[in-house]
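User: Got a minute to go through a structure with me? I'll put it up here.
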Amino acid sequence: MINKMKLAENIYSIAKVDDRDVPFHRLTLTKGTTYNSYLLNTDKPTIIDTVDISFGKEFVDSLKATIDLMKIQYIVINHTEPDHSGGLGSLASQAKNATIVCTDKAVEELKEMYKLHNRNFLVVRDGDKLDIGGKTLIFLETPYLHTEETMITYCIEDKILFPCDIFSTHIANTEVFNDLAKYDIFEDFKVYYTLIMHPHRKHVQYMINKIKNLDIQIIAPSHGFVLRTEINKYIALYDELSRNTSTNKSAVVIYSTMTSNTKKLSQNIVEYLAAEGISSSSIDVNKTSKEEVLEKISSSDIVLFGSSTRYGDMIGSLEDILKELKAMDLSNKLLAAFGSYGWSGEAIEVIQDYLLETNAKVLDTSTVIKSTGMSDVAFPIRVRFSAKEESLKGLERACEYIGSLALNAI
Ligand code: FEO
């Protein structure tokens, strides 16, 4: 069913209530969920987010009963995942005068997902404002909450924050507002934060910093309840939990370097892991005794092995260490391979082969994608020549992922 409710003057939630066991990122949402879209029926009618792709037609048919779709001027897409942008294809085909408003990163995705190559897009950046005829929207970019292209939208006049996934709950509620809920939703709200947002807690802190000076009277997310009471309690939970970055885990980065590029990567990894609350150090395997390296492996929770590639292979004495691993009990450890290379980077793959022969948990891209949906985190970590801005960003994201595993006891 589609559930409509007035939030403020000319602002309505239009929610698809999905009370099935909803499959989601290899979880099952046993309490179902809702997909909340919002209509701001101003002089320049605006839709903020849509519904899941399975319900696009139902959503558009319901919207038609409320507004002439040809009058819609803007469709704001805060986040491109199909549970929110999924109605865009159906809507855009009938709301032919609407401009699609999103971040730069979202444009290409939406064009490809919904065949919108010939539509007008308005790309917005942090702090941009949009007059929608009697109301003003501000856009704030919130990358990695929980995907790279995400933003949130704030309506100045009505003091409503539209944060899409952020501040959501997965419940197939029909009461719309949190104060009308039949039970205390706080635990479900916390579970949602833990599953979806906490792996990106550093970015949660950036988001909190961006909204801290906004006067927010209502939080209108895209799943579950609209929050209109105890707003500060919900924001404070995100703030408090995302500050918790310390772990009791330790890491060691063991490297063998030819031109110092892999050494610099090791230093970067130590720095990024430290930012995740993981106590970390690095060891040049060629300047340290074998016994000392093996002892460090035994006493660490996380071990990264890196080498430059020369003549298609590792350099130095790293392989002497790798040959020992299979005989060790590494069952509670997390291992990863990395390296700088110039041509093909075979050494990194050979290291990975050694790691896969152990009884440790070995990081690989396939597992990351399947378990989190993140497609910008890759293992083994491969950097061509010296690390530049883009590869450092990838390295930092990889370390954030390791940090999220460390919090979950690996
Ligand atoms: Fe609710 Fe990221 O989708």
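User: What share of the 410 residues in the protein chain is buried?
Analyst: Buried residues make up 57% of the 410. Buried means under 20% relative accessible area with a 1.4 Å probe, protein chains only. This is a predicted model: local features need pLDDT of at least 70, side-chain atom pairs count only at pLDDT 80 or more, and totals for chains, interfaces and linings use all residues. Residues are numbered from 1 along each chain as its sequence is written, and side-chain values use heavy atoms, with hydrogens and water left out.
User: What radius of gyration does the chain have?
Analyst: The protein chain has 24 Å, which agrees with the value near 22 Å for a compact globule of 410 residues. The radius is taken over C-alpha atoms, and the globule rule is 2.2 Å times the number of residues to the power 0.38.
User: And what does the C-alpha trace span?
Analyst: About 75 × 45 × 40 Å along the principal axes.
User: Switching topic. How many helices and strands?
Analyst: 13 helices and 20 strands. These are DSSP runs, H or I of at least four residues for helices and E of at least two for strands, numbered from the N terminus.
User: Which residues line the largest cavity?
Analyst: N3, S13, A15, T34, N36, N173, V176, G224 and V226. Lining residues have an atom within 4 Å of a cavity point, on a 1 Å grid where a 1.4 Å probe fits but cannot get out.
User: Which strands supply at least two residues each?
Analyst: β2 (11-18) and β5 (33-40).

Notes
1 Å grid on protein atoms, 1.4 Å probe; cavity = no way out; pocket = protein on both sides within 12 Å on 5 of 7 lines; lining within 4 Å. Buried < 20%, exposed > 50% of the residue type's maximum accessible area, 1.4 Å probe, protein only.
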